[in-house]
Amino acid sequence: MKPWIQLTVEAMDSTYSRYSIESLSTIGLVQMTRKRTRESLEHILCETCPSCEGRGFVKTIETVAYEITREIVREAAQFNPKQMMLICSHEINDYLSDDEPDILADLEESLQIPIMLKTDHYYGREHYDIALY
Ligand SMILES: [Zn+2]
């Protein structure tokens, strides 16, 4: 082994077995070292994505809107409020007020209470609160 390659091997984490290191090509070792460096930097410089909490996926707007309607119906039945306010992300607000305004209108009619809509710009797509009055 050339000296610089030996250095690279020694610098690597012991979690890599001797066998797997020796079976790698020189190119492979360099790539592996770079990847590990980037992962370490990511660990230091980054945090878990607040939207998906590390899953890499977020629920669709339609799914979140459906969950909200289920929650509104459940809370209305349980607490019998005089009115409700949905606090949600701007994209859920846009969807419920512009794209599908019938969803909340139908809920208001069947529950016989007004449902107000408010955007909190700090809320991610899946984040919402339902306030009861
Ligand atoms: Zn994410």
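User: I am new to this structure. How much surface does the chain expose, and what share of it do carbon and sulfur atoms supply?

Analyst: The chain exposes about 9,600 Å². Carbon and sulfur atoms supply 53% of that area. Keep in mind that this is a predicted model.

User: What share of the residues is buried?

Analyst: Of the 133 residues in the chain, 28% are buried. Buried here means under 20% relative accessible area.

User: How many helices and strands should I look for?

Analyst: Look for six helices and three strands. Starting at the N terminus, the order is α-α-α-α-β-α-α-β-β.

User: Next, contacts. Among those between residues at least 6 apart in sequence, what share joins residues at least 24 apart?

Analyst: That share is 73% in this chain. One pair to find is Glu-62 and Ile-92. They sit 30 residues apart in sequence, and their C-alpha atoms are 8.6 Å apart in space. Another pair is Leu-111 and Ile-72. These are 39 residues apart in sequence and 9.4 Å apart, C-alpha to C-alpha.

User: Where is Leu-111, and what does it touch beyond its neighbours within four places in sequence?

Analyst: Leu-111 belongs to helix H6. Outside that sequence window, Leu-111 contacts Ile-72 and Ala-76. Leu-111 is partly exposed, because its relative accessible area is 25%.

User: And where is Glu-62? Is it buried, exposed or partly exposed?

Analyst: Glu-62 lies in helix H4. Its relative accessible area is 47%, so Glu-62 counts as partly exposed.

User: How do I describe two packed helices?

Analyst: Use the angle between their axes and the distance between the axes. Take H4, residues 61-79, with H5. Their axes come within 10 Å and cross at roughly 75°. That angle is why H4 counts as roughly perpendicular to H5.

User: Which residues meet where H4 and H5 touch?

Analyst: On the H4 side they are Ile-61, Glu-62, Val-64, Ala-65 and Ile-68. On the H5 side they are Glu-91, Ile-92, Tyr-95 and Leu-96. By type, this contact has seven nonpolar residues, no polar ones and two charged ones.

User: How do H5 and H6 cross?

Analyst: Read this pair by the same two values. H5 and H6, the latter spanning residues 101-111, have axes that come within 5 Å. The crossing angle is roughly 80°. So H5 is roughly perpendicular to H6.

User: Which residues form that contact, and of what types are they?

Analyst: H5 brings Tyr-95, Leu-96, Ser-97, Asp-98 and Asp-99. H6 brings Pro-101, Ile-103 and Leu-104. Five are nonpolar, one is polar and two are charged. Tyr-95 and Leu-96 also appear in the contact of H4 with H5.

User: Let me stay with H5. Is Asn-93 buried or exposed?

Analyst: Asn-93 is buried, because its relative accessible area is 12%. Asn-93 sits in H5, which covers residues 90-99.

User: What is Asn-93 in contact with, leaving aside neighbours within four places in sequence?

Analyst: Its partners are Cys-88, Asp-98, Leu-117, Lys-118 and Thr-119. Asp-98 is also one of the H5 residues that meet H6. Leu-117, Lys-118 and Thr-119 fall in strand E2, which runs over 115-119.

User: Now the metal. Which residues coordinate the zinc ion?

Analyst: Start from the donor atoms and their distance to the metal. Here Cys-49 and Cys-52 coordinate the zinc ion through their SG atoms, at 2.2 Å. Water is not among the atoms, so a site may look incomplete.

User: Are Cys-49 and Cys-52 buried or partly exposed?

Analyst: Cys-49 is partly exposed, because its relative accessibility is 34%. Cys-52 has a relative accessible area of 7%, so Cys-52 is buried.

User: Last, backbone angles. What is the phi of Glu-53, and where does Glu-53 lie?

Analyst: Check the sign of phi and the residue type. Glu-53 has a positive phi of about 55°, although it is not a glycine. Its place is the loop between helix H3 (26-45) and H4. Glu-53 is exposed, because its relative accessibility is 62%.

User: What about Gln-112: what is its phi, and which loop holds it?

Analyst: Gln-112 is not a glycine, and its phi is positive, about 60°. Find Gln-112 in the loop between H6 and strand E2. With a relative accessible area of 64%, Gln-112 is exposed.

Note on methods. Residues numbered from 1 in each chain as written. Predicted model: local features only at pLDDT ≥ 70, side-chain atom pairs only at ≥ 80, totals over all residues. Heavy atoms only, no water. Helix = DSSP H or I, 4+ residues; strand = E, 2+ residues; numbered from the N terminus. Buried < 20%, exposed > 50% of the residue type's maximum accessible area, 1.4 Å probe, protein only. Contact = heavy atoms within 4.5 Å. Areas by Shrake-Rupley, 256 points an atom, 1.4 Å probe, with all protein chains shown as cover. Donors = N, O, S within 2.8 Å, 3.2 Å for Na, K, Ca; no water. Axes fitted to C-alpha atoms, helices over the stretch in contact; angles between N-to-C directions. Parallel < 35°, antiparallel > 145°, perpendicular 65-115°, else oblique. Nonpolar A, V, L, I, M, F, W, Y, C, P; charged D, E, K, R; others polar.
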